[in-house]
Amino acid sequence: MKKIKVGIIGMGYIGESHIEAVRRIGFCELYAVADTNAELAKAKAEYYGIEKCYSSVDELLADPEIDAVHNCTPNFLHLDINKKIIKSGKHLLSEKPLCMNYEQAKELVELKKQYPSSAAAVNFNYRLNPMVQETKNRIADGKIGDVRVMTGSYQQDWLLYDTDYSWRLEPEVAGISCAIADIGSHWMDAVQHVTGHRITEVMADLKTVIPVRKKPKKQTETFTSNVPTEFDEVEVKNEEYGAVLFHTDKGATGVYHVSEIAAGHGCYFNFEINGSKASIKWNQEENDRLWMGYRDNDNRFIIRDPNNMSPNAKGYTSLAMGHPEGWNDAFKGNIYAFYKYIFDGMKGEVVFATLEQAAYTVKLTEAVVKSSKEKKWINVDEI
Ligand SMILES: NC(=O)c1ccc[n+]([C@@H]2O[C@H](COP(=O)([O-])OP(=O)(O)OC[C@H]3O[C@@H](n4cnc5c(N)ncnc54)[C@H](O)[C@@H]3O)[C@@H](O)[C@H]2O)c1
């Protein structure tokens, strides 16, 4: 068996999760890592026993041994690095958001069409939680009837204090949005994935709750709560909170909110879909179960159990009932789905997010920001 040799660019917060995931896939070999912070790249390569370690994207891409490349750099680098990966003819797995704005997203989608022999995906990892796949299959099987309403939120607290800082707050590095692009993108991708609906109109209210923050003078790790001793007081433009009303192409309606200042929440990502027969609800922090609600029957929890899952969802779970599968497993599941597709000769179910789908999510983010600025409903196709 010829293994797929993988290189990962960006050894920060999420780069490490990519390392862990690839190492768990039997037909992949984690072959190289790269980071402009050469010391960091070297430390990760040594820790994980990775053969090659580079300090630039170009060096990694020039390595003919590498078949596939993950882009785990901050958002402002996604366009250029994704373009380079596509042009190298290697498979691309980009972190979300696909890029900074819809103009860039279209450019990437068009470019990719010229390289049909490689695959590309964007890492909307929540899709591959087994119970998210179970939700998708239950909805497709008509278990909740016609989808009418979608609600939920994604809440975290890592920007709660004015001493918390991230490049996600800076438009030049993150794009025009913090919370919507960062976690709202996951929410919108997940509900569209499970329902098969497309969000087509939005009405949003975004807020920069802490307009001045203490930016550390030295680079710090993402999501750490260390209070910097040396900092500059900077004005913040991007939002930490947002609420979005929306309509879908199939006549459903919905509302969600995102917050990165919600004390006590680490990864409270939840959605509820109300149908004409029943409701179905999932919460990432208790991710091994679903809730189903009925008006004329007992409400129930469905516990993840490979023996009783929908046939199409069963392939995306691996542990027996009672042995919780968590965030890392779903993350691995998404990356596994991408590599299984490649390993099978780019055939089979495309359950991971394609470039086109991720480009649409970038478009949605832009529509949400525009709506909040202009205080009106925005038809997403106007973007
Ligand atoms: N899918 C998810 O759940 C998830 C979670 C967190 C982050 N992300 C995404 O992952 C990306 C990275 O986020 P993060 O939190 O890991 O950021 P981070 O700041 O912790 O890490 C980014 C790394 O990229 C490196 N880097 C910067 N420029 C580079 C270059 N030109 N070449 C090579 N390396 C370079 C930095 O030195 C740093 O180590 C973002 O797009 C973010 O949205 C996704």
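A charge sits over a ring if NZ of Lys or CZ of Arg is within 6 Å of the ring centre and within 35 degrees of the ring normal. In this predicted model, the charged end of R168 meets that description over the ring of W167, 4.4 Å from its centre. The points below cover such charge–ring contacts, the aromatic pairs, a nine-stranded open sheet and the loop residue D162.

**Charges over rings**
- R168 has its charged end over the ring of W167, at 4.4 Å from the ring centre.
- K332 places its charged end over the ring of Y336, at 5.8 Å from the centre.

**Aromatic pairs**
- The structure holds 16 aromatic pairs.
- One of them is the edge-to-face pair of Y126 and Y154, with 5.9 Å centre to centre and 90° between the planes.
- Y126 lies in the loop between β6 (120-122) and α6 (130-140) and Y154 lies in strand β7, so this pair ties together parts that are 28 residues apart in sequence.
- Both Y126 and Y154 are buried.
- F269 and W282 also form an edge-to-face pair, with 5.8 Å centre to centre and 80° between the planes.
- That pair links distant parts of the chain, with F269 in strand β13 and W282 in strand β14 (residues 279-283), 13 residues apart.
- F269 counts as buried because its relative accessibility is 0%, and W282 counts as buried at 1%.
- Ring pairs join Y126, Y154, F269, F271 and W282 into a cluster.

**The open sheet**
- Nine strands form an open sheet in the order β16-β15-β14-β13-β7-β12-β11-β8-β17, with mixed pairing.
- β16 and β17 (378-379) are the edge strands, each pairing on one side only.
- Helix α8 (residues 179-195) packs on the sheet and touches β7 (147-155), β8 (199-207), β11 (241-248), β12 (253-259) and β13 (268-275). The direction of α8 makes about 35° with that of β13.
- Helix α11 (residues 355-374) packs on the sheet as well, touching β8, β11 and β17, and its direction makes about 50° with that of β8.

**The β15–β16 hairpin**
- Strands β15 (residues 289-293) and β16 (residues 300-303) run antiparallel and are joined by four bridges.
- Six residues make up the hairpin connection from β15 to β16.
- L290 stands opposite I302 in β16, and M292 has R300 as its bridge partner there.

**D162**
- D162 is in the loop between β7 and α7 (171-174).
- With a relative accessibility of 31%, D162 counts as partly exposed.
- Beyond its neighbours within four places in sequence, D162 is in contact with I210, V212, R213 and K214.
- The C-alpha atoms of D162 and V212 are separated by 7.1 Å, although these residues are 50 residues apart along the chain.

Definitions and conventions
Residues are numbered from 1 along each chain as its sequence is written. This is a predicted model: local features need pLDDT of at least 70, side-chain atom pairs count only at pLDDT 80 or more; totals for chains, interfaces and linings use all residues. Side-chain values use heavy atoms; hydrogens and water are left out. Two strands pair if DSSP finds at least two bridges between them. Helices (H or I, at least four residues) and strands (E, at least two) are DSSP runs, numbered from the N terminus. Contact means heavy atoms within 4.5 Å. Axes are lines fitted to C-alpha atoms, for helices over the stretch in contact, and angles run from 0 to 180 degrees between N-to-C directions. Buried means under 20% relative accessible area, exposed over 50%, partly exposed in between (1.4 Å probe, protein chains only). Rings of Phe, Tyr and Trp (its six-membered ring) pair if their centres lie within 6.5 Å; planes under 30 degrees apart count as stacked, over 60 as edge-to-face and the rest as tilted.
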